[in-house]
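Student: Please take a close look at one part of this structure and describe how that part is built and what surrounds it. Then set it in the context of the rest of the chain.

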Amino acid sequence: MPYLKLTDACLAYGHVPLLDHADFLLDPGERVALIGRNGTGKSSLLAAMAAGSGRGRLDDGEVWAQPGIRVGYVPQEPAFDPEQTIFEAVISGMGENSTLLAEYHEVSHRLAEGEGDHDALLARMSTLQHELEARGAWAYEAQAERVIDRFGLNAEAIVGTLSGGQKKRLALAQALAVAPEVLLLDEPTNHLDIAAIEWLETMLIESGVTLFFITHDRSFLDRVCTRIVELDRGKLASFPGNFSQYQQRKEAMLHEESLANARADKLLKEEEIWIRKGVEARRTRAVFRVQRLDKLRAERQARRERMGKVNLQLDAGDKSGKLVAELEHVAKCYGQRQIVRDFSTRIQRGDKIGLIGPNGAGKTTLLRLILGEIQPDSGIVRQGTKMEIAYFDQFRTQLDPNSTLSDVISPGSDWVEIGGAKKHVIGYLEDFLFAPERSRSPVSSLSGGERNRLLLARLFAKPANVLVLDEPTNDLDIDTLELLEELLQNYDGTLFLVSHDRTFLDNVVTQTIAAEGDGNWREYAGGYSDWANYKASLAKEAARPKSEAKPAVKAAEPAKAKADKLSWKEQRELEALPGKIADLEAEQATLTSRLEDPAIYQTDPAGAQKAAERLAAIDDELMEMLERWEILESRAGNPA
């Protein structure tokens with residue numbers, strides 16, 4: 001018997017249905033992920049499932065829950081009383097028992113601290129104990145204490161003092177405190193750092209709880225889910241397996257759908273031509289063909305096309321200097337806390353740097369040091385030249401909620417200039433999937449994913465050769481994430497990326513700066529997986545008996561790689577240079593031989609001119625490549 005069942009569900013906002021007679025079953029032991037584009041209604045569907053049996057938040061249809069089942073629900077932005085303690089917030093979902101448990105916890109705390117009338121407190125504690133025993137509520141308190149400890153929270157801390165990541169942990173603890181058979185999670189990885197996300201993955205898998213969750217974290221999807229359900233154009237489609245398996249099936253499904261639509265459109269076009277033929281044809285036409293044409297027209301009108309993709313364009317503008325920043329033995333403290341300790345690095349134009357570390361490690365502080373926004377307590381920071389910096393703020397503080405979308409993109413003007421070409425602001429907003437009628441809407445009317453898209457549109461509306469992205473992936477759907485990845489891979493400027501999306505880091509960055517604890521930072525070649533694999537190999541090596549340890553020269557190899565100061569991208573560039581130089585020299589020889597033939601100046605003078613211009617350009621390219629090869633070889637410690 002299923003735990004939850006959705007039958008013939010309908011839900012609409014405006015003229016487009018979010019749910020169009022959708023059906024869904026959640027069976028015991030499943031871990032089902034709900035995915036889809038921003039604005040398709042995923043959160044609305046999850047909230048309707050959480051509302052319990054009956055219509056709930058639906059316009060039509062039914063949500064059925066197995067009688068007596070306990071369901072835990074964590075919305076995307078959970079609301080808490082900022083004056084409560086963490087313990088009070090966790091037990092607040094336990095019904096009438098929560099009031100008694102909260103008072104018992106408070107009385108226990110006052111007795112332990114020696115506050116108030118000792119005898120009166122003891123008497124009240126005795127009364128509370130009897131009431132809790134009669135209700136069988138001690139198990140609830142023990143469960144609450146276990147989940148608080150499991151999530152590393154302080155039971156006495158005030159909710160209003162918590163960070164975004166701690167509030168997300170609190171929301172998960174509150175949902176698990178009732179020992180649910182089913183857990184509904186809306187974007188559970190938002191505001192969590194990588195270590196917390198990996199811990200959550202393991203906990204959810206080992207707990208055995210039945211899951212129905214929304215996330216755009218592809219690594220999380222691959223590890224946790226056993227089935228993927230996609231919400232697309234009001235319908236729910238089920239795909240067994242993880243995200244990688246879904247991608248393969250979805251590609252084949254979309255191909256078949258496009259072929260079917262093309263066949264239907266071709267038939268409709270032929271019937272439209274037939275119905276418009278002359279008088280003779282109209283006298284002899286068959287009634288069934290007219291009826292079929294009416295049916296084809298109705299089907300074509302009812303067909304909801306797949307949402308368009310964001311059209312991302314990024315203008316790197318004029319090149320910055322080759323050196324972007326150089327740090328030598330930099331240190332930074334705030335009070336007694338060491339944020340950066342004796343850190344050195346050299347960042348060059350075109351580097352794509354990922355910064356990883358737990359929340360509060362100081363990633364933003366290190367970024368501000370690199371960009372010259374703050375000064376170090378000790379050490380030297382050298383800044384590059386001609387830098388045009390664009391900054392993506394994870395808290396979206398650059399967006400005025402009262403401004404219209406068009407004013408955010410181009411204040412006081414109806415035009416933006418991208419790559420030297422002017423474009424109307426409404427057309428530019430359409431590239432980011434904002435309908436023309438929304439260009440005058442206030443920012444406050446947008447969802448979280450839409451605000452992220454708008455901030456990206458604002459950033460990309462101006463040239464920037466240094467791009468700083470602080471958690472750009474929050475709330476973005478998977479399609480937009482993949483397009484953003486492709487854009488950043490082809491970006492010619494310098495990129496600094498702070499993200500907890502492991503797949504995004506792997507696909508974009510060429511080197512990583514990781515927090516090692518106690519203010520220590522270290523550079524690594526490659527993305528998140530390269531760093532994680534290296535740390536795992538170190539841990540494995542440290543766990544070996546000393547007699548089996550590898551020679552010291554092997555352990556020194558990572559330090560040598562760091563001393564080389566060649567990024568992963570530069571190493572690839574160095575490997576490719578000899579082949580590129582050989583290709584240019586071969587082209588140079590061919591053009592030289594062609595220009596030595598006098599006949600070319602009579603038969604093809606324009607071709608001769610182009611060949612001469614290309615020959616001159618090759619000379620410049622060869623000189624530049626040879627100089628670059630010499631620089632990289634010398635930095636790598638190889639003979640030039």
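**A helix and its setting**

Tutor: Helix 15 (residues 448-460) has 13 residues and spans 19 Å from its first C-alpha to its last, close to the 18 Å expected at 1.5 Å a residue. The expected span is 1.5 Å times one less than the number of residues. Helices (H or I, at least four residues) and strands (E, at least two) are DSSP runs, numbered from the N terminus. The model is a predicted one, in which local features need pLDDT of at least 70 and side-chain atom pairs count only at pLDDT 80 or more, while totals for chains, interfaces and linings use all residues. Residues are numbered from 1 along each chain as its sequence is written, and side-chain values use heavy atoms, with hydrogens and water left out.

Ten of the 13 residues of helix 15 are buried, so the helix is largely enclosed by the rest of the structure. Buried means under 20% relative accessible area, exposed means over 50%, and partly exposed lies in between (1.4 Å probe, protein chains only). The buried residues are Gly449, Glu450, Asn452, Arg453, Leu454, Leu455, Leu456, Ala457, Leu459 and Phe460. They pack against three strands and three helices: strand 14 (389-392), strand 15 (415-418), strand 17 (466-470), helix 13 (405-409), helix 14 (425-431) and helix 16. Contact here means heavy atoms within 4.5 Å.

Helix 16, one of these partners, also carries a residue of a salt bridge. The side chains of Arg218 and Glu485 meet in such a bridge, at 2.5 Å from N to O. This pair links distant parts of the chain, 267 residues apart, with Arg218 in helix 8 (residues 218-224) and Glu485 in helix 16 (residues 478-489). Arg218 and Glu485 are both buried. A salt bridge is a side-chain nitrogen of Lys or Arg within 4 Å of a carboxyl oxygen of Asp or Glu, and a search of the whole structure finds 21 of them.

A second example is the salt bridge between the side chains of Arg502 and Glu198 (3.9 Å, N to O). Arg502 lies in helix 17 (residues 502-508) and Glu198 in helix 7 (residues 194-207), so the bridge ties together parts that are 304 residues apart in sequence. Arg502 is buried, at 6% relative accessibility, whereas Glu198 is partly exposed, at 29%. Beyond its neighbours within four places in sequence, Arg502 is in contact with Ile194, Ile197, Glu198, Glu201, Asp217, Ser219, Phe220 and Tyr528. Three of these contacts recur in a network of salt bridges that links Glu198, Glu201, Asp217, Arg223 and Arg502.

Lys535 and Glu516 form a further salt bridge, with the closest N and O atoms 3.2 Å apart. Lys535 belongs to helix 18 (residues 528-543) and Glu516 to strand 19 (residues 511-517), 19 residues away in sequence. Lys535 is partly exposed at 29% relative accessible area, and Glu516 is partly exposed at 32%.

Elsewhere in the chain there is an open sheet of six strands, in the order 5-6-7-3-8-9 and with mixed pairing. Strand 5 (71-74) and strand 9 (235-240) stand at the edges with a single partner strand each, so one side of each has no neighbour in the sheet. Neighbouring strands are turned by 15 degrees against each other on average, direction ignored. Two strands pair if DSSP finds at least two bridges between them; strand 5 and strand 6 (residues 182-186) pair in the parallel sense over four bridges. Val71 stands opposite Val182 in strand 6. Helix 6 (residues 164-176) packs on the sheet, touching strand 5 and strand 6, and its direction makes about 170 degrees with that of strand 5. Axes are lines fitted to C-alpha atoms, for helices over the stretch in contact, and angles run from 0 to 180 degrees between N-to-C directions.

Leu6, in strand 1 (residues 4-13), is buried at 1% relative accessibility. Apart from neighbours within four places in sequence, its contacts include Met49, Val63 and Leu236. Leu6 and Met49 are 43 residues apart in sequence and 7.7 Å apart in space, C-alpha to C-alpha.

For the whole protein, there are 23 helices and 20 strands, and 44% of the 640 residues count as buried. Among contacts between residues at least 6 apart in sequence, 68% join residues at least 24 apart.
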